[in-house]
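Subject: Handing over a structure

Hello,

I am passing a structure on to you, and I hope you enjoy looking through it. Please open it first, and then read the notes below alongside it.

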Amino acid sequence: QVQLVESGGGLVQAGGSLRLSCAASGRTSSINTMAWYRQAPGKQRDLVASIGSGGSTNYADSMKGRFTISRDNAKNIVYLQMNSLKPEDTAVYYCKASYSIAWGSLDAWGQGTQVTVSS
């Protein structure tokens, strides 16, 4: 199994920055893609950004140029640097890890960290 713990959320003014961290433990050698999702009240959980084991990245269009996902494979941590934050970025941010098992793959989720951007 893989366990994930997010940190770094908080309250920030519009235009500010935050860096989220997600630390993985357990079967970390089996982790392939890691990703950040977010869910605002009353809305579905949406992909923010993902990063493969080799470092390839993918971003939702609205985050391109403002958010940067990175990964430290030695420490088993994935980061999300968020700049130029907007009130509409307010959400609970979740970390996800996709990891291989004998018969396929599974996803592990963190508990989420709240990001609130004030106007």
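Here is something to start with: is N76 buried, partly exposed or exposed? N76 is partly exposed, because its relative accessible area is 23%, and a residue counts as buried only under 20%. Before going further, please keep in mind that this is a predicted model.

**Two unusual backbone angles**

N76 is worth a second look for its backbone too. You will find N76 in the loop between β7 (67-72) and β8 (77-82), and its phi is positive, about 60°, although N76 is not a glycine. As background, most residues other than glycine have a negative phi. S84 is another case: its phi is about 50°, again positive in a residue that is not a glycine. S84 sits in the loop between β8 and β9 (91-101). With a relative accessible area of 42%, S84 is partly exposed.

**The disulfide**

The structure has one disulfide, and it runs between C22 and C95, with an S to S distance of 2.1 Å. This pair ties together distant parts of the chain: C22 belongs to strand β3 (residues 18-26) and C95 to strand β9, and the two are 73 residues apart. The angle about the S-S bond is -80°, making the link of C22 and C95 left-handed. Both C22 and C95 are buried.

**How the strands pair**

Strand β9 is a good place to begin here. β9 pairs with β4 (31-39) in the antiparallel sense, over seven bridges. One of the bridge pairs to look for is Y37 with Y94, the latter in β9. β9 also pairs with strand β10 (residues 104-109), antiparallel and over six bridges. There, I101 stands opposite G104 of β10, and a hairpin of two residues joins β9 to β10.

β4 has a further partner in β5 (46-51). These two strands run antiparallel and are joined by five bridges, and M34 has I51 in β5 as its bridge partner. The hairpin of β4 and β5 has six residues between the strands, and within this hairpin G42 takes a positive phi near 75°.

**The nonpolar core**

Which residues touch the most other members of the largest nonpolar core? They are L4, M34, W36, L80, M82 and Y93, out of 31 residues in that core. Many strands take part: β1 (2-7), β3, β4, β5, β7, β8, β9 and β11 (113-118) each supply at least two residues. The largest share comes from β9, with six residues. M34 therefore turns up twice in these notes, as a bridge partner of I51 and among the residues with the most contacts in the core.

**The largest pocket**

Finally, have a look at the largest pocket, which holds about 170 Å³ of space. Its lining is made up of R38, Q39, A40, K43, Q44, D46, L47, A60, M63, E88, T90 and A91. Sorted by class, that lining has five nonpolar, three polar and four charged residues. β4 and β5 each supply at least two of the lining residues.

If you would like a route through the model, you could start at the link of C22 and C95, follow β9 to its pairing with β4, and end at the lining of the largest pocket.

Happy exploring, and best wishes

Terms used
Residues numbered from 1 in each chain as written. Predicted model: local features only at pLDDT ≥ 70, side-chain atom pairs only at ≥ 80, totals over all residues. Heavy atoms only, no water. Helix = DSSP H or I, 4+ residues; strand = E, 2+ residues; numbered from the N terminus. Buried < 20%, exposed > 50% of the residue type's maximum accessible area, 1.4 Å probe, protein only. 1 Å grid on protein atoms, 1.4 Å probe; cavity = no way out; pocket = protein on both sides within 12 Å on 5 of 7 lines; lining within 4 Å. Points joined across faces, edges and corners; volume = space filled by probe spheres on them. Nonpolar A, V, L, I, M, F, W, Y, C, P; charged D, E, K, R; others polar. Disulfide = S-S within 2.5 Å. Pairing = 2+ DSSP bridges. Core = buried A, V, L, I, M, F, W, Y, C linked by side-chain atoms within 4.5 Å.
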